[in-house]
Amino acid sequence: MTASRGLTLHLGPGFRLGHRDSCRGYAMSHANRAFLPAAGLDFLLPLYDPMVKLLGADRARKKLFDQASVQPHHRVLDVGCGTGTFAVAIKGWMPTVQVVGIDPDSKALARSRRKAQRADVSIRFDQGFANALPYSDGSFDRVFSSLMFHHIPHDAKLATMLEVRRVLKPGGSLHLVDFEQDGSRSHNPLARWLHSSERMQDNNPQQILNWMSEAGFLEPRIVDSDRPIFGRIAYFAAR
Ligand SMILES: C[S@@+](CC[C@H](N)C(=O)[O-])C[C@H]1O[C@@H](n2cnc3c(N)ncnc32)[C@H](O)[C@@H]1O
C-alpha cells in the first residue's frame with residue numbers, strides 16, 4: 001500500500017502517512033504495519049547495496065563496529081539490518097560473535113539470507129519492527145543501528161529506544177550511526193533527496209540524545225561525526 005500525494009493515511013498507533021512522506025515509497029508488511037524500505041521504493045532495492053557502498057557506507061559501518069568494543073563471545077543485534085551487509089561484515093571481522101539481524105522488509109531479509117549463505121556465515125535474520133523487538137529482556141551485549149533511525153516514524157522513536165534498552169544486557173551498549181537533520185539544507189542534490197522525508201526533521205543529534213536519556217540510557221553521547229558525500233552523519237553510543 002502506498003500513500004498518494006496530498007493524502008494522509010492513519011494506520012494505527014505511530015503510523016501516519018502524510019503527503020511529504022508519500023514522496024518516498026512505503027511498503028506494508030508484518031501485520032500490515034507500514035515502513036519505509038531501504039532505498040525508499042521497493043523496486044530500487046537492488047540498487048541499495050551498490051549505491052550506499054559508493055557513498056561510503058562500508059567505512060561508516062566499520063567505524064561504528066570499532067567504536068563498540070565487541071568481544072568474541074558477544075551476542076549482537078543489528079536493528080533495521082536491511083540487506084544484511086553490516087551483519088555479514090561483523091561475522092567477517094569477528095567470526096565467533098553471534099549475530100542477529102531484524103528488519104520489517106521481507107525482500108531485504110531475503111537478500112540478507114542469500115548474502116550470509118554466499119559468505120558461508122551463520123546469522124539469524126528475523127522479520128520485525130524496532131519498537132516491538134521479539135527478544136527477551138537482557139539478551140544482547142551490543143545493539144547496532146546503522147542508517148536506520150531516520151526510517152522510524154516520530155511517534156515510534158522513543159519506543160524504539162526503550163525496546164533497545166530492554167533487550168540489552170546490564171553493561172551492554174547501543175551504537176548508532178545516522179544522518180543529521182541538516183542534510184535537507186545541503187547543496188548536494190543527492191543529500192537533499194536522501195533527506196527529503198519529513199522523518200529527517202527530528203533526526204537532529206540533540207533530539208536523538210534526548211530520546212536515549214528518556215529511555216533510561218546512561219551516558220548517551222556523540223562519539224564522532226563525518227561528512228561523506230551523502231551528507232553529515234553522527235555516531236552515537238549509550239549504555
Ligand atoms: C537505509 S536502510 C539501512 C539498512 C542497513 N542498516 C544498512 O546499514 O545498510 C534502513 C532500514 O530500516 C528498515 N526499517 C524501516 N522501518 C523500520 C522499523 N520500524 N523498524 C526496523 N527497521 C525498519 C528498512 O526496512 C531498511 O531496511
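Let's start with a bit of vocabulary: Ala, Val, Leu, Ile, Met, Phe, Trp, Tyr, Cys and Pro count as nonpolar, Asp, Glu, Lys and Arg count as charged, and the others, Gly among them, count as polar. With that in hand, look at the ligand in this predicted model. The shell around the ligand has 16 nonpolar, five polar and three charged residues. Of those 24 residues, the ones that come nearest are Gly80, Gly82, Ala130, Ser146 and His151. Two helices chip in as well: H2 (57-67) and H3 (85-93) each supply at least two residues of the shell.

Now zoom out to the whole chain. You can find seven helices and eleven strands in it. Of its 239 residues, 43% are buried. Take the contacts between residues at least 6 apart in sequence: 63% of them join residues at least 24 apart.

Next, the sheet. Seven strands make up an open sheet with mixed pairing, and reading across it you meet E7, E6, E5, E8, E9, E11 and E10 in that order. E7 (124-127) and E10 (221-226) stand at the edges with a single partner strand each, so one side of each has no neighbour in the sheet. On average, neighbouring strands here are turned by 20 degrees against each other, ignoring direction.

Let's walk along some of those strands. E5 and E8 pair in the parallel sense over four bridges, and Val79 stands opposite Ser145 in E8. On to the next pair: E8 and E9 are also joined in the parallel sense, over six bridges. Ser145 turns up again here, with Leu176 as its bridge partner in E9. E9 (residues 168-179) then pairs with E11 (residues 233-238), but these two run antiparallel, joined by six bridges. One spot to look for is His175, whose bridge partner in E11 is Ala237.

How many residues of E8 are buried? Seven of the seven are, so E8 is largely enclosed by the rest of the structure.

Helices pack on this sheet too. H4 (residues 106-119) touches E6 (98-103) and E7, and its direction makes about 175 degrees with that of E7. H5 (residues 154-167) lies across E5 (75-79), E8 (140-146) and E9, running at about 145 degrees to E9.

Helix H7 (residues 205-214) is a nice one to examine up close. Its buried residues are Ile208, Trp211 and Met212. They cover an arc of only 100 degrees around the axis, which puts them on the same side of H7. Here's the general idea behind that: an α-helix has 3.6 residues a turn, so residues three or four places apart point the same way. And what do the buried residues of H7 pack against? They pack against H5 and E11.

Finally, let's check some backbone angles. Most residues other than glycine have a negative phi. Gly216, which follows H7, has a positive phi near 95 degrees. Asp120 is not a glycine, yet its phi is positive too, near 60 degrees. You'll find Asp120 in the loop between H4 and E7. Is Asp120 buried or exposed? Only 7 other C-beta atoms lie within 10 Å of it, and a residue with 12 or fewer counts as exposed, so Asp120 is exposed. Glu219 also has a positive phi, of about 50 degrees, without being a glycine. Glu219 sits in the loop between H7 and E10, and with 10 other C-beta atoms within 10 Å, Glu219 is exposed.

Notes. Residues are numbered from 1 along each chain as its sequence is written. This is a predicted model: local features need pLDDT of at least 70, side-chain atom pairs count only at pLDDT 80 or more; totals for chains, interfaces and linings use all residues. A residue is buried if 20 or more other C-beta atoms lie within 10 Å of its own, exposed if 12 or fewer, and partly exposed in between; C-beta atoms are placed from the backbone. Two residues are in contact if their C-beta atoms, placed from the backbone, lie within 7 Å. Two strands pair if DSSP finds at least two bridges between them. Axes are lines fitted to C-alpha atoms, for helices over the stretch in contact, and angles run from 0 to 180 degrees between N-to-C directions. A residue is near a molecule or strand if its C-beta atom, placed from the backbone, lies within 6 Å of it. The arc is that of the directions from the helix axis to the C-beta atoms.
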